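Visitor: Hi! I'm just getting started with protein structures. Could we look at one together?

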Amino acid sequence: MNGKLILLNLFIILAFFLTGCQDAREVQELGITLLIGIDIEDDKLVLTGEVVDPAFTQPGKGDTSQNNIVKYVQGTGNNIYEALRDLVLKFDRLLFGYHNKVIIIGEEVAKRGIVGYIDQLFRSREIRETSYMLVAKGGKAYEVMGINSGLEGIPAMHILKLIQNAKDNPKAVDMNMVNFLRHYYHEGHQTILGVMEKKKKRRINKGSQTEGTEDLELSILGSAIFNKDVLAGYLNGNDTKAVNYVMNNARGGTITFITPLPDKGERLETGTGHNNLSSLVVINNKSKNDVEIKGDKVLLKTKIRVRGFLEEVVGNIDIAKRENLRKMEEACSKAVEEGIKSTVRKVQREYKLDVFGFGLAFNKKYPQEWKKVKDNWDEIFAEADFEIEVETNIIRTGIINTPITMKKGK
Amino acid sequence: MDNTKQINRVSNYQMILLITIYGLMTGFTYLPAINIPPANQDIWIVYLLSIPYTILYCFPLLYLSNKFNNLNLFQYGKIIMGKFFGMIVSIYYFSFLFISLIIFVGVFIEILDAALFPETPTLVTAGIILITCVLLSYQGFRNIARLGEVIIPIILVIIFLLIILGYRNYDIDELLPILGDSTFKEINLAAMNVGIRFLDVILLTMITPYLSKKEDLNKIFFRSLLYSTILNTLIVVVIQMGLGVEFAKHLAFPFYTFTRLINLGEIIQGFDSLYIISWIMGNALMISGYLYFATVALGEITNRKNSYFIIPISIIVLILVTLIKDNLPILPLEEPTSTIILVMSIFSVLVIPITMLIVYLLRKNKI
């Protein structure tokens with residue numbers, strides 16, 4: 001009897017798969033997009049899609065140069081859906097967004113407020129909420145599309161890899177659609193998004209390029225900060241790194257700091273070195289934000305704990321000694337402290353927007369007071385004092401001990 | 001005529017599984033509780049607090065079902081209220097089951113339209129689920145319970161699997177501050193609102209005479225209430241941590257959207273299809289159960305075998321759902337579905353059972 005029940009169960013499940021024929025869409029009829037760009041031109045929304053031809057992604061099938069792997073299509077309309085439908089009159093396939101990885105927002109759209117333009121992306125089931133969002137810094141989304149300076153065959157995959165590399169360098173932001181919207185709704189935490197910028201590239205391989213053309217590369221260094229969903233400005237790479245540290249988003253990356261000097265008697269003879277900077281590779285980083293009400297002022301506090309290993313040591317220090325290693329840890333902590341303090345000051349003065357999420361910490365700690373201050377939290381944030389405490393823990397020093405610029409002697 | 005005599009005994013375990021999954025399906029589908037004021041990060045507390053309220057609300061029905069544990073709700077309704085008023089009670093509960101059936105099938109079509117078959121006509125999707133449920137109902141409740149015994153554990157495993165696989169999307173800060181943004185009154189009102197929606201107790205009172213251990217009725221009720229509430233609480237916590245408190249409120253099917261966030265590495269994604277499969281299985285069980293008991297109610301009213309009504313009722317549901325669904329969405333509109341469910345819940349779990357209890361206590365000696 002149990003066997004019969006299992007069989008019946010199996011038939012019920014299979015029956016639902018069979019009904020899929022009604023909505024079946026054959027792969028050769030689809031315009032699979034991996035990247036879309038959203039711009040505004042003449043008050044109309046311009047949607048650009050990078051459509052991949054599945055036939056050319058198979059090894060050994062035809063010419064796999066970028067021109068043949070992907071096609072760029074553009075539609076115009078009053079909103080996204082109208083633009084999508086405009087596309088079908090110019091392109092022979094319906095765009096299919098299930099595999100879309102990245103959405104690039106043109107600067108003009110970001111300045112007008114993103115959320116009002118992207119309802120369709122959330123309402124339709126096609127585009128996954130895990131698609132990354134980037135702002136085309138200083139230009140249109142379609143201007144940064146089609147540039148592939150990497151080894152990935154498909155430009156969208158090149159961009160995706162750049163975003164994923166943010167885990168190794170927190171000077172960029174990897175924000176997806178659902179997290180963007182989550183932050184947008186938060187009171188006491190302004191949104192940030194990653195940026196995409198095209199840059200001229202130094203030509204190294206002279207033989208491979210046609211004379212007169214310029215080499216371009218894409219960079220996702222830095223971030224865009226928002227007042228709700230309206231673009232307020234940009235942060236450079238170091239400031240973005242500081243924001244990521246405070247927000248607990250930095251999963252890796254490097255901290256470069258001035259190598260401390262040991263006590264006088266311990267100094268060793270050194271060779272030539274171009275500077276005295278050392279680098280720590282972060283294994284993990286944990287931050288905790290807190291706020292305190294002090295009279296009529298608010299004190300913002302951050303506590304950061306960094307664990308990592310030394311990747312480069314240049315300077316007059318023998319790190320084989322425990323007390324010197326401790327000095328390295330202190331120097332690293334100081335560099336993080338100074339970097340973050342400078343970024344917090346800059347954001348407070350220039351933008352007056354709490355992109356760090358201290359408002360959330362305030363709400364958690366003082367829920368009743370929060371109700372009184374939430375409407376003008378950004379002003380309070382801009383005037384608040386900031387305090388930071390960083391603790392560094394170096395757990396590895398590599399396969400050499402003293403820097404190679406030094407002579408150890410006897 | 002006793003229409004349920006044909007069915008054999010249903011074990012405590014089967015009944016607990018069924019009532020648990022019936023109680024869970026609403027949360028698994030559209031989770032209305034996240035929009036009930038205070039509609040904030042404290043909804044998980046609301047769910048836990050709803051347990052004592054549910055027990056309180058269900059007390060009259062449970063008391064009467066324990067007293068008349070050889071009879072179902074319609075049968076002891078007639079004894080307590082007399083033939084005429086007993087008939088009105090049966091008609092009311094039939095209407096409740098019938099409307100519930102329309103809502104469940106309508107919601108089923110809605111999520112299938114949204115997630116799988118946007119272009120398939122309503123008639124086809126509604127037809128397929130109703131044919132399946134007609135077959136199940138014809139086999140009697142015992143077979144629905146036995147099927148549940150097989151597939152409910154699968155559904156529960158899938159739910160836990162999805163919850164575990166989604167861990168990378170969780171942000172526990174979404175649940176803070178605890179009780180910072182809600183008042184005691186708001187939390188309690190919400191708990192009362194959630195508590196009244198445990199309508200599946202009505203099915204339990206209909207199957208009481210055929211429980212293998214009738215004296216365990218209270219145990220079955222408490223266990224299934226506890227399990228379904230804990231699972232619903234878990235779903236609320238996961239959805240709010242994964243999607244954010246506010247964004248979750250904007251979603252027609254929050255758990256479905258949550259499953260779309262899950263991926264393993266670059267390649268393995270599409271866990272939403274796993275959700276849809278388990279959700280279809282759960283709904284097939286739920287719709288079959290409600291269809292079966294709607295026909296049992298009709299059988300009591302007309303004094304005929306319930307199996308006569310399974311196909312006609314299904315055809316009427318099919319026509320009505322097609323007419324409704326092809327004219328307006330059910331879930332995205334706050335009204336009238338929400339009000340219909342609330343009013344039905346108040347009458348089905350509170351007003352009628354309390355009236356029956358009062359009449360029973362007054363006429364106790366004559367019954």
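Visitor: Among contacts in chain A between residues at least 6 apart in sequence, what share join residues at least 24 apart?

Guide: Good place to start! Keep in mind that this is a predicted model. For chain A, the share is 74%.

Visitor: And what about chain B, counted that way?

Guide: There, 84% of the contacts between residues at least 6 apart in sequence join residues at least 24 apart.

Visitor: What is chain B built from, in terms of helices and strands?

Guide: Chain B has 13 helices and zero strands. Reading from the N terminus, you meet α after α, right through to the end.

Visitor: How many helices and strands does chain A have?

Guide: Chain A has 13 helices too, along with 16 strands.

Visitor: Back to chain B for a second. What does its radius of gyration tell me?

Guide: Chain B has a radius of gyration of 20 Å, and a compact globule with 367 residues would come out near 21 Å, so the two agree. Along the principal axes, the C-alpha atoms of chain B fill a box of roughly 65 × 45 × 35 Å.

Visitor: How much of each chain is buried?

Guide: In chain B, 51% of the 367 residues count as buried. In chain A, buried residues make up 41% of 410.

Visitor: Okay, sheets! Which order do the strands take in the open sheet of four strands in chain A?

Guide: The order is β11-β13-β14-β15, and the pairing is mixed. In chain A, β11 (254–258) and β15 (385–396) stand at the edges with a single partner strand each, so each has one side without a neighbour in the sheet. On average, neighbouring strands here are turned by 40° against each other, ignoring direction.

Visitor: What holds strands of a sheet together?

Guide: Strands of a sheet pair through backbone hydrogen bonds, in a parallel or an antiparallel way.

Visitor: So in which sense do β11(A) and β13(A) pair?

Guide: They pair in the antiparallel sense, over five bridges. If you want a spot to find on screen, look for I258(A), which stands opposite L277(A) in β13(A).

Visitor: Which helices pack on that sheet?

Guide: One of them is α9 (residues 237–246) of chain A, which touches β13 and β14 of chain A and makes about 60° with the direction of β13(A). Helix α11 (residues 358–365) of chain A also packs there, touching β13 and β14, at about 45° to β13(A).

Visitor: Is α9(A) mostly covered or mostly open?

Guide: Mostly covered, with eight of its 10 residues buried. Among them are A242(A), V243(A) and Y245(A). The buried residues of α9(A) pack against several elements of chain A, including β7, β9 and α10. Just after the helix comes N248(A), whose phi is positive, near 70°.

Visitor: Let's try another helix. Which residues of α3(A) are buried?

Guide: In α3 (residues 80–87) of chain A, the buried ones are I80(A), A83(A), L84(A), D86(A) and L87(A). These span an arc of only 160° around the axis, so they sit on the same side of α3(A). Their cover includes β2, β3, β4 and α5 of chain A.

Visitor: Last topic: how many residues does each chain bring to the contact between A and B?

Guide: Chain A brings 23 and chain B brings 29. On the chain A side, α1, α8 and α11 each supply at least two residues, and α1(A) gives the most, with eight. By class, that side of chain A has 12 nonpolar, five polar and six charged residues.

Terms used
Residues are numbered from 1 along each chain as its sequence is written. Chains are lettered from A and ligands numbered from 1 in the order in which they are written. This is a predicted model: local features need pLDDT of at least 70, side-chain atom pairs count only at pLDDT 80 or more; totals for chains, interfaces and linings use all residues. The radius of gyration is taken over C-alpha atoms; the globule rule is 2.2 Å times the number of residues to the power 0.38. A residue is buried if 20 or more other C-beta atoms lie within 10 Å of its own, exposed if 12 or fewer, and partly exposed in between; C-beta atoms are placed from the backbone. Two residues are in contact if their C-beta atoms, placed from the backbone, lie within 7 Å. Two strands pair if DSSP finds at least two bridges between them. Axes are lines fitted to C-alpha atoms, for helices over the stretch in contact, and angles run from 0 to 180 degrees between N-to-C directions. The arc is that of the directions from the helix axis to the C-beta atoms. Ala, Val, Leu, Ile, Met, Phe, Trp, Tyr, Cys and Pro count as nonpolar, Asp, Glu, Lys and Arg as charged, and the others, Gly among them, as polar.
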